[in-house]
Amino acid sequence: MLKPLHNYVLLERLEEQNTTPGGIIIPDNAKEKPVRGKVIAAGPGFYDNGILVPLSVRNGDTVLFAKWAPSASEIKLDGRDYVIIKESDILGIL
């Protein structure tokens, strides 16, 4: 498994609903990529004036992240899709 460095976090995307609240089925080609993910691994943190500042997220946390995050990179490991992203692009823990 990939171990992120510094302030990077490895996320597994969590799939969104296949239907709307009204019961309409959303086809695969009309779905947007989900912006929720599960933290698989997190780096140790970043240095600020020589002091290590640990990350706020932990393995297993469900997070909401920015849809068009500039630091987000999609990767494939062992046939599964993941996102590696800076913690600063994570909007919150659910």
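**Exercises on an all-strand model**

Asp-78 is exposed, with a relative accessible area of 75%; here buried means under 20% relative accessible area, exposed over 50%, and partly exposed in between, with a 1.4 Å probe and protein chains only. This is a predicted model, in which local features need pLDDT of at least 70 and side-chain atom pairs count only at pLDDT 80 or more, while totals for chains, interfaces and linings use all residues. Residues are numbered from 1 along each chain as its sequence is written, and side-chain values use heavy atoms, leaving out hydrogens and water.

**Exercise 1. Take stock of the elements and the surface.**

Task: state how many helices and strands the protein has, and what share of its residues is buried.

Solution. Start with the assignment: helices (H or I, at least four residues) and strands (E, at least two) are DSSP runs, numbered from the N terminus. On that basis the protein has zero helices and eight strands. Next, apply the burial cut-off: 29% of the 94 residues count as buried. Then turn to the surface, computed by the Shrake-Rupley method with a 1.4 Å probe, where for residues only the protein chains shown count as cover. About 6,400 Å² is exposed, and carbon and sulfur atoms supply 55% of it.

**Exercise 2. Rebuild the sheet.**

Task: find the strand order of the open sheet and name its edge strands.

Solution. Two strands pair if DSSP finds at least two bridges between them. Strands of a sheet pair through backbone hydrogen bonds, either parallel or antiparallel. Step by step:

- β1 is joined to β7 (residues 80-86) by four bridges, running antiparallel; Leu-11 has Val-83 of β7 as its bridge partner.
- β1 is also joined to β2, by five antiparallel bridges, and Leu-10 stands opposite Ala-41 there.
- β2 (residues 36-42) pairs with β5 (residues 62-65) over three bridges, again in the antiparallel sense; Gly-37 is matched with Val-63.

The full order of the six strands is β6-β7-β1-β2-β5-β8, with antiparallel pairing. At the edges sit β6 (73-77) and β8 (90-93), each pairing on one side only. Neighbouring strands are turned by 45 degrees against each other on average, direction ignored; the axes behind this are lines fitted to C-alpha atoms, for helices over the stretch in contact, with angles from 0 to 180 degrees between N-to-C directions.

**Exercise 3. Judge two residues.**

Task: decide whether Asn-7 is buried or exposed, then do likewise for Ile-93.

Solution. Asn-7 is found in the segment before β1 (8-13). Asn-7 counts as buried because its relative accessibility is 18%. Contact means heavy atoms within 4.5 Å, and beyond four places in sequence Asn-7 touches Gly-45, Phe-46, Leu-55, Ile-85, Lys-86 and Glu-87.

Ile-93 lies in strand β8. At 48% relative accessibility, Ile-93 counts as partly exposed. Setting aside neighbours within four places, its contacts are Ser-56, Val-57, Asp-61, Thr-62 and Val-63. With Thr-62, the C-alpha to C-alpha distance is 5.9 Å, although the two are 31 residues apart in sequence.

**Exercise 4. Hunt for positive phi.**

Task: say where Asp-78 and Asn-49 are located, and check their phi angles.

Solution. Asp-78 is in the loop between β6 and β7, with a positive phi of about 50 degrees although it is not a glycine. Asn-49 lies in the loop between β3 (46-48) and β4 (51-53). Its phi is near 55 degrees, a positive value in a residue other than glycine. To finish, look up the accessibility of Asn-49: it is exposed, with a relative accessible area of 75%.
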